[in-house]
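Student: I would like to go through this model and ask what stands behind each label. Please set the values against the cut-offs as we go.

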Protein chains: 2
Amino acid sequence: MKQKDGLSIGELSKRSDVNIETIRYYEKIGVMPAPDRSANRYRVYGADHLKRLSFVRRSRRLGFSLDEIRGLLRLVDGHAYTCAQVRELTLNHLTEIQRKIEDLKWLKRAMEEMAAQCSGERAPECAVIDALFDTRRQFG
Amino acid sequence: MKQKDGLSIGELSKRSDVNIETIRYYEKIGVMPAPDRSANRYRVYGADHLKRLSFVRRSRRLGFSLDEIRGLLRLVDGHAYTCAQVRELTLNHLTEIQRKIEDLKWLKRAMEEMAAQCSGERAPECAVIDALFDTRRQFG
DNA sequence: TCTTGACCCTGTAGCAGCTACAGGCCTTAG
DNA sequence: CTAAGGCCTGTAGCTGCTACAGGGTCAAGA
């Protein structure tokens, strides 16, 4: 890599902790901009790419969809965002997370109930199976 | 439907609360057995199909993957399961659910922290964006 | 008798968000 | 000279469905 500051895709991958294939995928779907290429057509990235990719990675880990991230980046790119907009997106997202937590808690309770019936012995009867086959029970 | 007890796929769908296309999909991937066909090649289901499909639906709602369900059904079909086996599968599944809950809680905390910094004003500065771009922060 | 509508059929393509090849080029070290 | 490691493009696969396209079948109504 002759360019000052130039990162190969492999280096970018290591520094951002994002898979090489995923980086190329992000480029294809327009989340990451197409970088310059060196003489041998290798991708050459700069510090701005690293920053942006890290942003994407962090947002993904926080559960934002790629579409939501595209929305955030559009705002950032256009310098057009207001705090209120971002806040709204974040709060919406928070509501969804809370809903998911509730769902999982319900699920956990239901399964614990079933497992509690379970003798754990080598018998061919099983309360879990019975419960799942029991048409009187309504799960959800 | 001339057969006694014979259900069309539409009726099965209504009674099991599973989509028609999903039923056909389950047949294709081997979760549901191929049913008899009437003279016009329509699928004809019996009470056993309804029972099995309901089992699948309930298990799905409890978050079991189709692969796990296939495993459960194999045990049931072979009358080879012991309570201990099923219990283990269930407990494994419970552990995973708990892990997911913890993940989501962490996520929620992180996002709440970010949102709390947010003024909600029309200013072009935003604590959320800053946090996501801040390379010193480690999310996950 | 014709037609309309509600069913059913098969097969394929699409969704998210990647991941994993296949088949090739380039560069450098031994 | 060759082998290893990186990079390239392009396509197919994963889960668990869903949504067609393009057709057949059947009963009831005009």
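Tutor: Start with one term: a residue is near a strand if one of its heavy atoms lies within 4 Å of the strand. By that criterion, 18 residues surround DNA strand C, and the closest are A:T22, A:R60, B:G10, B:R24 and B:R43. Keep in mind that this is a predicted model.

Student: Which part of DNA strand C faces the protein, sugar and phosphate or bases?

Tutor: Of the strand C atoms within 4 Å of the protein, 75% belong to sugar or phosphate, and the rest belong to bases.

Student: What makes the pair of B:R43 and DNA strand C a polar contact?

Tutor: The cut-off is 3.5 Å between N or O atoms. A polar side-chain atom of B:R43 lies 2.7 Å from a phosphate oxygen of strand C, so the pair is a polar contact. For A:N19, a polar side-chain atom is 3.2 Å from a phosphate oxygen of strand C. A:L66 uses a backbone N or O atom, 3.4 Å from a phosphate oxygen of that strand. Two or more residues of the surface near strand C come from each of α2 (20-28) of chain A and α1 and α2 (20-28) of chain B.

Student: Which element gives the most to the surface near DNA strand C, and how is that surface divided by class?

Tutor: α2(A) gives the most, with four residues. By class there are six nonpolar, five polar and seven charged residues.

Student: What surrounds DNA strand D?

Tutor: 20 residues surround strand D, with A:R24, A:Y42, A:R43, B:Y42 and B:R60 the closest. Of the strand D atoms that come within 4 Å of the protein, 69% are accounted for by sugar and phosphate.

Student: How do you know that B:L66 makes a polar contact with DNA strand D?

Tutor: A polar backbone atom of B:L66 is 3.5 Å from a phosphate oxygen of strand D. The definition asks for N or O atoms within 3.5 Å, so the pair counts. The side chain of A:S8 has an N or O atom 2.9 Å from a phosphate oxygen of strand D, and a polar side-chain atom of B:Y26 is 2.9 Å from a phosphate oxygen of that strand. The elements that give two or more residues to the surface near strand D are α1 and α2 of chain A and α2 of chain B. Among these, α2(B) gives the most, with four residues.

Student: Where else does B:Y26 appear?

Tutor: The largest nonpolar core has 76 residues, and B:Y26 is one of those that touch the most other members. Leaving out residues up to four places away in sequence, B:Y26 touches B:V18, B:V31, B:M32, B:L53, B:V56, B:R60 and B:L66.

Student: Why are the buried residues of α2(B) said to be on the same side?

Tutor: The buried residues are B:I23, B:Y26 and B:E27. They cover an arc of only 100 degrees around the axis, which puts them on the same side of α2(B). In general, an α-helix has 3.6 residues a turn, so residues three or four places apart point the same way. On the other side of α2(B), B:E21 and B:K28 are exposed. The buried residues of α2(B) pack against α1, β1 (36-37), β2 (43-44), α3 (47-61) and α4 (66-77) of chain B.

Student: Why is B:G6 called buried?

Tutor: B:G6 has a relative accessible area of 14%. Buried means under 20%, so B:G6 qualifies. B:G6 is found in the segment before α1 (9-16) of chain B. B:G6 and B:G46 are 40 residues apart in sequence and 5.4 Å apart in space, C-alpha to C-alpha.

Student: What makes A:D17 partly exposed, but B:R41 exposed?

Tutor: Exposed means over 50%, and partly exposed lies between that and the 20% limit for buried. A:D17 has 47%, so A:D17 is partly exposed. B:R41 has 59%, so B:R41 is exposed.

Student: What is the phi of each?

Tutor: A:D17, in the loop between α1 (9-16) and α2 of chain A, has a positive phi of about 60 degrees although it is not a glycine. B:R41, in the loop between β1 and β2 of chain B, has a positive phi of about 70 degrees and is not a glycine either. Most residues other than glycine have a negative phi.

Conventions
Residues numbered from 1 in each chain as written. Chains lettered and ligands numbered in written order. Predicted model: local features only at pLDDT ≥ 70, side-chain atom pairs only at ≥ 80, totals over all residues. Heavy atoms only, no water. Core = buried A, V, L, I, M, F, W, Y, C linked by side-chain atoms within 4.5 Å. Buried < 20%, exposed > 50% of the residue type's maximum accessible area, 1.4 Å probe, protein only. Contact = heavy atoms within 4.5 Å. Polar contact = N/O pair within 3.5 Å; in protein donor to acceptor, adjacent residues only side chain to side chain. Nonpolar A, V, L, I, M, F, W, Y, C, P; charged D, E, K, R; others polar. Arc of directions from axis to C-beta.
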